[in-house]
Each structure stands twice: as C-alpha cells, then as structure tokens.
Amino acid sequence: MGGKHCCVVGCTNSTTWPKVYTGRVQEGLGYLYCCPGPGPEPESDTGDGVSEWVTMASRGEFHFPHAKVLYPTAPLRHYTPMGGAMSNVWFDRMQISPTVPEHSQSVEAMCANLSTLIQEQVANGIPKSRIIIGGFSMGGAMALHLTYRFHRDVAGVFALSSFLNNGSAVYKELESVPKNSPLPPLFYCQGEKDELALPIWAENTFSQLSAVGVQGVFKKYPIYHELNKAELGALQTWIKGRIPES
C-alpha cells in the first residue's frame, strides 16, 4: 500500500497548539489523541512530558507504524486544588474528589478547543472512525467528556487512572441518547494502589457509564498513580484492534 504524507505532532509546554514534524505512514492512517493529566513529576503535565513518560514506562514499545500519537498540552490556568497556582490542566475543579460539582465553564471551553483540533484532522481527510481519544488522570476525564458528549463517532476512548464527578454532564448526555445507539467502546485502567484517583472512584465511573449504555473493558493493576509496561501493552493491543493497519 502506498505512502501518505502526514504530520506528526509533538507538544510543547505552551498554551499554543504544538509544533509539527513531517513523516510518512501508510494510507490506513489513524490518530490517537492522548490528553496528559497531572503525573508524578511536574513535567508530566505537558504533552512532551507525558510522551517521554510513556516511552520510558513502555520501554520504547508504545508506538504504531500506521497511526500517529498526538499529545496536546493543556493551557496554563489557575488550579484550585493547588491553591490557585498556575498549572497545565485541562479544567479547574473545586477539589480532587467526585463528590463536588464539575467546573462546567472550563470543561466546556476545553471540549471546544480540542474539538477544533479533531476537526482539523477530519478536514485533512482522516475519518473519525480512525481516531481514538484518551488520556491519563484528568486527561482521561477530559477524553470521556470529549468523546461521549461531542464525538460519539470515533473509534474508541480510553481512560487511565481517571474518574468523573458524581452527576457528571457525561452521564446526563448519555441518558438522553436513544437506547441501543452505537457508542465508542471504552478501555479503562486503574491502579489498585492509587492514592490520588482512588480505585473506588474509577470503579464507580465505569459502572455508571455501563449503566447508560457504554460497553468496555475495566482492568486493574498493582500500581499507584502511574503508568506501567503491562498496562500500556494491554492498551496498545486494544488500540490495534480498534484501528487496525488494514
């Protein structure tokens, strides 16, 4: 199969969309949007930081010959759980807990911004059936909002060490969708020792999503708020099944 010129995006620690590199992949191109979330180190909050983290955790094995992986960087904003300090986060929240209301204004704004990025790829000829959206921690929650509220025609969504707030707009949106409507499948992973995004929060999120029609896989690993090789290997296998090479 012939080659196709494409762009490979590497995110920088800035509020602008990332710099672009060029490369060649085959015609069956797929796009994987990875939304970073707060990681164990400050630099993990940026696209570049999480890209390096994924490479290290997977020992260089998390890559796809037929797809691009994009790591957009969240803009700098005041983050309430850090006392209002500036941080690269997708949205604000009153506290790191599912029991508080969502910060709707910042969530809606980022859904609109990320939707623009997705539509740019569609305009370049990439069908949404070849796009997967996902993320770690807050990035996973962002991916769930983006996919199930605004882009239910993508190939799938994944969330790693993430949770949605009780009464989330995601649940309300899916409750309004006609029964038996097709929804993107979900790949959900959670660390059993996670002390930031508690396992019970992830389990409740997956359970509530399942109750409103989402079908997916939920896996637990004996890790903290982090990534590891086994988890990324399972994710990689799932991704290849959703956007195969041919």
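# Report on selected features of the fold

Asn180 lies in the loop between helix 4 (169-175) and strand 9 (186-191). The model in which this residue is described is predicted. Phi of Asn180 is positive, near 70 degrees, although the residue is not a glycine. Asn180 counts as exposed because its relative accessibility is 73%, where over 50% is required.

**Overall composition**

The protein contains six helices and ten strands. Of its 246 residues, 54% are buried. Among contacts with a separation of 6 or more, 68% join residues 24 or more positions apart.

**A second positive phi outside glycine**

Most residues other than glycine have a negative phi. Ser137, which is not a glycine, has a positive phi of about 60 degrees. Its place is the loop between strand 7 (131-136) and helix 3. Is Ser137 buried or exposed? Ser137 has a relative accessible area of 9% and is therefore buried, the limit for that class being under 20%.

**Helix 2**

Helix 2 comprises the 20 residues 104-123. At 1.5 Å a residue this helix should span 28 Å, and its end C-alpha atoms are indeed 28 Å apart, so expectation and model agree. Which residues of helix 2 are buried? They are Ser106, Val107, Met110, Cys111, Leu114, Ser115, Leu117, Ile118 and Gln121. Viewed down the helix axis, these buried residues fall within an arc of 165 degrees, and they therefore line one face of helix 2. The background to such an arrangement is the helical repeat: an α-helix has 3.6 residues a turn, so residues three or four places apart point the same way. The face turned away from the buried side of helix 2 carries the exposed residues Gln105 and Ala123. After the helix comes Gly125, with a positive phi near 100 degrees.

**Two buried residues and their contacts**

Arg149 belongs to helix 3 (residues 138-150). With 14% relative accessibility, it counts as buried. Apart from residues up to four places away in sequence, Arg149 touches Val107, Glu108, Leu144, Ala169, Val170 and Glu173. One of these partners, Val107, is among the buried residues of helix 2. Arg149 and Leu174 are 25 residues apart along the chain, while their C-alpha atoms are separated by 7.4 Å.

Thr205 is part of helix 5 (residues 199-211). It counts as buried because its relative accessibility is 1%. When neighbours within four places in sequence are left aside, Thr205 is in contact with Leu144, Phe163, Leu164, Tyr171 and Tyr188. Leu144 thus appears among the partners of both Arg149 and Thr205.

The residues discussed individually are set out below.

| Residue | Relative accessibility | Class |
|---|---|---|
| Ser137 | 9% | buried |
| Arg149 | 14% | buried |
| Asn180 | 73% | exposed |
| Thr205 | 1% | buried |

**Internal cavities**

Rolling a probe the size of a water molecule over the atoms shows where empty space is left. How many cavities of 30 Å³ or more does a search of the whole structure find? It finds three. The second largest cavity holds about 50 Å³ of space. Its lining consists of Phe91, Arg93, Glu102, His103, Val107, Ala141, His145, Phe163, Leu164 and Asn165. By type, this lining divides into five nonpolar, three polar and two charged residues. Val107, a contact of Arg149, takes part in the lining. Phe163 and Leu164, which are contacts of Thr205, are likewise lining residues of the second largest cavity.

Conventions
Residues numbered from 1 in each chain as written. Predicted model: local features only at pLDDT ≥ 70, side-chain atom pairs only at ≥ 80, totals over all residues. Heavy atoms only, no water. Helix = DSSP H or I, 4+ residues; strand = E, 2+ residues; numbered from the N terminus. Expected span 1.5 Å × (residues − 1). Buried < 20%, exposed > 50% of the residue type's maximum accessible area, 1.4 Å probe, protein only. Arc of directions from axis to C-beta. 1 Å grid on protein atoms, 1.4 Å probe; cavity = no way out; pocket = protein on both sides within 12 Å on 5 of 7 lines; lining within 4 Å. Points joined across faces, edges and corners; volume = space filled by probe spheres on them. Nonpolar A, V, L, I, M, F, W, Y, C, P; charged D, E, K, R; others polar. Contact = heavy atoms within 4.5 Å.
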